[in-house]
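Trainee: I should like to learn how to read an interface, a sheet and the backbone of a model. May we work through one together?

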Amino acid sequence: MMDLDPDDIFRDEDDDLGNEFYEKEATKELAVYLVDASPKMFSSTSPNEDGKDETHFDVALSCISQSLKTQIINRSYDEVAICFFNTREKKNLQDLNGVYLFNVADRDYLDRPTARLIKEFDLIEESFTKEIGSKYGIVSGSRENSLYNALWVAQALLRKGSVKTACKRMLLFTNEDDPFGSFKGASKIDMIRTTLQRAKDARDLGISIELLPLGRPEEEFNVSLFYADLIGLEGDELAQFIPSAGEKLEDMKDQLRKRMFKKRIVRKINFLIANGLSIELNTYALIRPTVPGAITWLDSVTNRALKAERSFFCADTGALLQESTKRIQIYKNETIKLSVDELSEIKRISTGNLRLLGFKPLSCLKDYHNLRPSTFLFPSDEDIIGSTRLFIAVHRSMLRLKRFGVAFYGSSSRPQLVALVAQEEIIIAGGQVEPPGMHMIYLPYSDDIRDIEELHSDSNGTAPCATDEQIKNAAALMKRIDLKDFSVCQFANPALQRHYAVLQALALEEDEIPDINDETVPDEEGMSRPGVVKSLEEFKLSVYGENYQEENGPGKAVDASKKRKAAAELAAKESAIHDWGELADNGKLKDLTVAQLKCYLTAHNLPVAGKKEALISRILTHMGK
Amino acid sequence: MARNKEALLLLIDVGPSMHNVLPEIERVCSTLIEKKLIYSKYDEVGVILFGTQDTKNELTKEVGGYEHVMVLRNIGVVDGNVLEVLQPLPRGTFPGDFLDAIIVGMDMLIKKYGPTNMGKKRLCLITNAQCPTKDPYEGTKEDQVTIIADQMTAQAMKMESIVVRGRIGAEANEKIMDENDRLLNIFSKRTRAKLVHVESPISLLGALKTRNINPVTIFRGDLEVSPKMKIKIWVYKKTTEEKIPTLKKYSDRAPPTDKFATHEVKVDYQYKRVEDPNKFVPPEQRIKGYRYGPQVVPISSAEWDAVKFKPEKSVKLLGFTDAENIMRHYYMKDVNIFIPEPGNTRAILAVSALARAMKEANKVAIVRCVWRQGQGSVVVGVLTPNISGRENIPDSFYFNVLPFAEDVREFQFPSFSNFPDSWLPTEQQQEAADNFVRMFDLAPPGKEEALPPDLTPNPVLERFYRCLEVKWNNPDAAVPPLDETLRKITESDPELLSHNESVLDEFRRAFELKENFKQLLREKPSGSNGGEDCAMIHVQSANRDTNEATSSIKIEKVGDITPIQDFEAMISRRDGPNWVDKAITEMKNKIFYLVEDSYDGDNYPKAAECLVAIRKACILEQEPKQFNDFLRHLCKFCKEKNLRSFNEFLAAKELTLISKSEAPDSEVTEDEARSFVVKSEPMLE
């Protein structure tokens, strides 16, 4: 539907990048969030940003809520179910105890997220105790096993869809690392065995079970007690499992949120290093602009979707055509025909691989060597064993020697040179901020770079350059307006937030559209601190001098309107030279130049477009002659 | 006449020392002309050669001198003739004097245009500047060049000089070169002239701007440091992707007699109700629907305008931060440049002071931009200082767009340090990698950086425009192969490889790569190929050379490392009817891949071995046609793809079609089979 829309307003030229580049997500994701609602989830608290205590249950809810909001914007075809276990009430198709599926009207348990789901889920805290309730579902002496039940319910929901086309996941939030700790002897062994068997059955069906453990610094979540077996961790993987207990609650939330996203591989590529040595890489799109979804045309009478139909006509004869595979370009007055195949043949100048050409010092990578968002590369030993080892060795050498790789990436849409920049892993407060790997930066060709600097070079000699004094003042100002903890992407996109706030309000038929906070506006308060103001004044004085007049007056008139006003004044002056009435009466208007005629028109606020005759007749009309 | 038409004079040195680079000069000038024929048909072009045997210019007639400067084509509207005179360029016999050529060129431009066409007159000099210039009648050479440069400024002419040096330059007298460089530098200091030194054929192809685009500002106004301190700036695009033009769809319906037929296709959109496909909905009855999850929310344009985000046009500073806070891979789009308002000394000083202070302290500035009034979104980006290297160019900033929170996907990846030891390099491997990274160097000190983006042309564009020219001559011609010089952009430099052979060999020996057979056994659900998430299945180490192993592990794919063994194992599988076909198909693909991916024939022996294997199998399995068709196809493919050397290689190996005597089903006679390779390659004798 999207590519059929000729009026798609959001897709301006700039965004028109090859499909291949913007990953096509062939598979959809079906996820069940399993949230432990046992009293323990409510009793463990940690102070949050504002210093207030927040329970682990709150943390899980807030992660899910954020993830739902991201999902409805980015991946609205994915389906999701929210399932609490260790609950007092029960609600599920199997009628199992201690399991409660949360849902809203007009929606299956496992379905795409809707505006209503997001809204009601945000309010769940208020009604939770009353409607769902928290209760231990695994108590010694009883045969009840709420964890088992939850896995069963989730697995039943995930029966939907084929594993071939869908990625199925259970995400389990809990702070209990030893759910059967209170059991002893044979009953314990039995409970554990049946639960693990349940989980294994699910995994055998292609469902991945992921654990999102909530821990505290003083009591770390011990995954090897029970859950390692449940989620199927073995040997080395166990060592790699990150227990995730941040110093601060916010850090833990961050880590959990990151883990909730399934890593999607954009492509698998071969990286040819030299002389036939080639390793295997996966590429990931970590940064891509999020744009509002496409428009669908509706019938304004019924509000039902319309189907766009495209038809082709011959411009010469008007005959209806099939879609043509021939393209034309006028060249030297001839119509040159090229088939679609020939066009792709022209672009095929290399195999689809990434081929290393050599290394350069990082200083060779300039700030203007950029065209598109970068792509992340991470090695894989899935098909070629040894890929990871070689990648890590080269990665370390590149970091040590401060070099980047130059390679040719032979994609079919735009084969081009890329820079491979090694990124060291960065961990802050126990959480990964930058993953280790390489970033592939798309380099421009000389055809893509413009010599703007030359354009306005001063042909008579030298351009002014700041003095040391001026630079010192600028440096002082810089120190004053320093964003110490600035992190890229700390701002939400206000246009997008507004877009979805409006849609959400309309979708829920609310009258008021909530105000969104534009986080990108400068900190006026900070700027008006005396220290900042003082250094601003000093800097201004040093570069602009004493007698500098603000070019835009205090009225802050917009440039264009000010210009227009000035032009009108000038025109009035100019036009006053002539006696227009007399000229008109004697038919002498035609003897004036167009510029002179325009003065009259401008002075009287009339349109100035058109040929001379049109101008004259407009003047005559205006004079009433 | 188009308002923006440009008058361009190419001044090309064809003296003896230039002969080895003339093919590249022909190439780049042709591309320039081909692009002009499409994008700026009204531009005017002239060509002057110097260092020629003959002399042909007006100045020599009028005042004498100016020998060996030949006007190959007078200034005139660009047409196909220019391409013809450029290819091939006549080879000259005298050392060329570039100053003579510049003066002849200026004289032509002045005579033709006088004071008109201000700023649209361009001289483009291509030389190695190795030959001495003549002494002037009075004053020094420097004085003379200064006068010429000032005259150029007065006439608002631009000049680009491309100086061919280094590896591809010829042996020359250093003193003369230094003098010439000094003279050429006077031009860039005193007038709007650009000087580029190139040392490789690729850079030569990239040094000349083949498309003349009039840059337009995307913003003019204030950079608001604070509400009380503003700097007047202009913003331009610094990089933007140049693409193949969008071609129109072709319609063959117009009668051949119709000379004015456009042959274009018009596209029409109609909207129908889904439930009633016969009913069209008129445009005024349509309303836009916006998706929100599964819901589509109808909103009219007027309503939308009333509620949408409407920021004011402005560029505001948010603050400064350490450069290392903004990592390179966060740059989102093509790049803009902020220059101080031209001629505004205060703005130039303010930008200069900030840029230099930022450079010194290694800081960057974060800004919030709304380029146009009425634009529905804001961008947050980073300004990095661009300190000018030339005294007549003011300092400026580069601007890169940064991502918003919604644009970042925070995937977690395992730490390398958590990987098992078998995945981590040993000390010896690390050393081999260090040496490799150090020696495989594209920017060795003292030499020209190889493949700098600023001097590396887009090979696809060059191929496209050449293809148009080829098709213009012959509409049925095939797409021409990629230019040999440009192919070097896509492959590693053989010189660099051979220089570092020992380092490369050591590196290769240090790392052993194996195909992962275990992985091939598992039927993977297509959606869950998440690299390291996949649990490894522990199978006993598979020794693939023994029959035992091959039978226990069922091969389903022809891999890269042992294709022949894989193929044989597959074709001998008897657990399904399709394995033979599948094996043959896979092997064919593998052979194609090997041949195509071959560098200097390094894969040919392997490809030939594979061919032998598939040939043998096709005889055994009574599938001669499969092989014969394939071999014919492969040879044809190689011929078209300029891989003739592979056919020669096959002929030498005496690999032929399968004849009747080998397989009764074959339709190929023995003679035919024997002569096959020879016949398909008549150049062989």
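Mentor: The turns below go from the interface to the sheets, and then to the backbone and the domains. Please bear in mind throughout that this is a predicted model.

Trainee: How many residues of chain A are in contact with chain B, and how is the size of such an interface expressed?

Mentor: The size of an interface is often given as the accessible area lost when the parts come together. Here, 232 residues of chain A are in contact with 223 residues of chain B. The area buried between the two chains is about 21800 Å², and carbon and sulfur atoms give 60% of that area. On the side of chain A, A:Tyr331, A:Lys332 and A:Arg389 lose the most area to chain B, yet together they account for 4% of what that side buries.

Trainee: How many salt bridges and polar contacts are found across the interface of chain A and chain B?

Mentor: The rule finds 16 salt bridges across this interface. One of the pairs between the chains is B:Lys194 with A:Asp451, whose side chains meet at 2.8 Å, N to O. For polar contact, the rule finds 86 residue pairs across the interface, both residues being at pLDDT 80 or more. Among the elements of chain A, helix 11 (residues 387–401) gives the most to the side that touches chain B, with 14 residues. The residues of that side divide into 115 nonpolar, 50 polar and 67 charged.

Trainee: Which parts of chain A does the salt bridge of A:Glu79 and A:Lys160 tie together?

Mentor: A search of the whole structure finds 59 salt bridges over all chains. In the pair A:Glu79 and A:Lys160, the closest N and O atoms are 2.8 Å apart. A:Glu79 lies in strand 4 (residues 79–85) of chain A and A:Lys160 in the loop between helix 5 (146–157) and strand 6 (166–174), so the salt bridge ties together parts that are 81 residues apart in sequence.

Trainee: Let us turn to the sheets. In what order do the strands of the open sheet with strand 9 of chain B lie?

Mentor: In a regular strand the side chains alternate between the two faces of the sheet. The open sheet has 3 strands in the order 14(A)-13(A)-9(B), with antiparallel pairing. Its edge strands are strand 14 (334–339) of chain A and strand 9 (248–249) of chain B, each of which pairs on one side only. Strand 13 (residues 326–331) of chain A pairs with strand 14 of chain A over 6 bridges, and A:Ile328 stands opposite A:Lys337.

Trainee: Where else do strands of chain A and chain B join?

Mentor: Strand 17 (residues 384–385) of chain A and strand 18 (residues 514–515) of chain B run antiparallel and are joined by 2 bridges. Within this pairing, A:Ile385 has B:Lys514 as its bridge partner.

Trainee: Which residues are the bridge partners of A:Phe271?

Mentor: In strand 9 of chain A, the partner of A:Phe271 is A:Ile279, and in strand 15 of chain A it is A:Leu354. Strand 8 (residues 267–274) runs antiparallel to strand 9 (residues 277–284) of chain A, with 7 bridges. Strand 8 of chain A also runs parallel to strand 15 (residues 354–361), with 2 bridges.

Trainee: Which residues have a positive phi, and where is a cis peptide bond found?

Mentor: Most residues other than glycine have a negative phi, and most peptide bonds are trans. A:Asn275 takes a positive phi near 40 degrees in the hairpin of strands 8 and 9 of chain A, which has 2 residues between the strands. A:Asn86 has a positive phi of about 65 degrees and is found in the loop between strand 4 and strand 5 (99–102) of chain A. A cis peptide bond joins B:Gln87 and B:Pro88, with omega about -5 degrees. B:Pro88 lies in the loop between helix 3 (80–86) and helix 4 (98–113) of chain B.

Trainee: Finally, what are the domains of chain B?

Mentor: The domain assignment gives domain 1 (6–207), domain 2 (314–407), domain 3 (427–510) and domain 4 (563–675). The C-alpha centres of domain 3 and domain 4 of chain B lie 30 Å apart.

Key:
Residues are numbered from 1 along each chain as its sequence is written. Chains are lettered from A and ligands numbered from 1 in the order in which they are written. This is a predicted model: local features need pLDDT of at least 70, side-chain atom pairs count only at pLDDT 80 or more; totals for chains, interfaces and linings use all residues. Side-chain values use heavy atoms; hydrogens and water are left out. Contact means heavy atoms within 4.5 Å. Buried area is the accessible area (1.4 Å probe) that two parts lose on being put together, summed over both. A salt bridge is a side-chain nitrogen of Lys or Arg within 4 Å of a carboxyl oxygen of Asp or Glu. A polar contact is a pair of N or O atoms within 3.5 Å; within protein, one must be able to donate a hydrogen and the other to accept it, and residues adjacent in sequence count only if both atoms are side-chain atoms. Helices (H or I, at least four residues) and strands (E, at least two) are DSSP runs, numbered from the N terminus. Ala, Val, Leu, Ile, Met, Phe, Trp, Tyr, Cys and Pro count as nonpolar, Asp, Glu, Lys and Arg as charged, and the others, Gly among them, as polar. Two strands pair if DSSP finds at least two bridges between them. Domain bounds come from an automatic or database domain assignment.
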